[in-house]
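Work through the exercises below with the sequence and the 3D structure in view. Each task is followed by a solution in steps.

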Amino acid sequence: MEIIRIPRIMQDIARTHAMHNKTIGFVPTMGALHAGHLSLVRMAREENEITVVSIYVNPKQFSPFEDLSRYPRDTEGDAEKLTGEGIDILFLPADSLMYPDGFSTRVEVVGLSKKLCGAYRHDHFSGVATVVAKLFNLIQPAKAYFGQKDFQQTVIIKRMAKDLNMGTDIAVCPTIREEDGLAMSSRNLYLTKEERGAAPVLYTCLNEASKAIKSGIIKVKELKKLMETRLASEPLVSEIQYCSAYDPETLDELEEIDNEALLAIALKIGKTRLIDNILVAAGLKSSSP
Ligand code: AMP
């Protein structure tokens, strides 16, 4: 595995692979790698000749009140895991090279960026779109791999790649979970033991809502009430930001479930913000990525 730290060199290598008609599969991450990240890496390896993984804790997607400085970092451990996966290139750029003095561009996917998590994390998705656009330009992947856990992010990146003719296919991969159902996340490391015990409530609530839909509850008002009651029954839930059923393409809240729906939750347990989602279809089995 080659470690590349300089964006221009990364781009030169990508161009050389393109000249030799080698397809690049790309997995962007912020590091502190867990089995969820590694599942994306394996899929990229299976489907492409060259696999590139980036680790970059992108300051533009954190607000001043968020956890940029304490975000978990373990570059050495991550590099070891990625070597074990047999990837070709680990891209590890420094802030000063990604955003040099004078950097002034922002990519915003208008509308979608302000819904769901965007209502609580104001510049988050334009920070994500900006860095992913830069990474796509540097790495020129045929296909890039994202987790369904961050469902809104996948909708926004797909829109951006299509709108800007980036020529990169976007793969959305299933959410990998702990044994008790909690979606794996680098931020789970912030949870105290007690909070960790309470955290599976998101997935339990999503599954209960999915069962309710199968039993015939299709009015979202009713479903939302069920979900809120379930979440509020967990004393360590300190804030429910959203929980309901949404259109998986527009991310607008639905009134009734008559087709495929995204059930999604964002809440805080103590001070830690957690998100999760599943896709369901009225009368069909839920897919729980
Ligand atoms: P992050 O390092 O949190 O920015 O995540 C990098 C990529 O890994 C994103 O596409 C995430 O959606 C994906 N990811 C994070 N957690 C999981 C998980 N539990 N299962 C599958 N993919 C995940």
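**Exercise 1: a pair within one helix**

Asp163 and Arg159 both belong to helix α6 (residues 151-163), where they are four residues apart, about one turn of the helix. Helices (H or I, at least four residues) and strands (E, at least two) are DSSP runs, numbered from the N terminus. This is a predicted model: local features need pLDDT of at least 70, side-chain atom pairs count only at pLDDT 80 or more, and totals for chains, interfaces and linings use all residues. Residues are numbered from 1 along each chain as its sequence is written, and side-chain values use heavy atoms, with hydrogens and water left out.

Task: What do the side chains of Asp163 and Arg159 meet in?

Solution.
1. A salt bridge is a side-chain nitrogen of Lys or Arg within 4 Å of a carboxyl oxygen of Asp or Glu.
2. The N to O distance for Asp163 and Arg159 is 2.8 Å, and the pair forms a salt bridge.

**Exercise 2: a pair between two helices**

Task: Is Glu85 buried or exposed? Describe its salt bridge with Arg42.

Solution.
1. In the salt bridge of Glu85 with Arg42, the closest N and O atoms are 2.6 Å apart.
2. The pair links distant parts of the chain, 43 residues apart: Glu85 is in helix α3 (residues 75-85) and Arg42 in helix α2 (residues 35-47).
3. Buried means under 20% relative accessible area, exposed over 50%, partly exposed in between (1.4 Å probe, protein chains only).
4. Glu85 has 15% relative accessibility, so it counts as buried.
5. Arg42, at 44%, is partly exposed.
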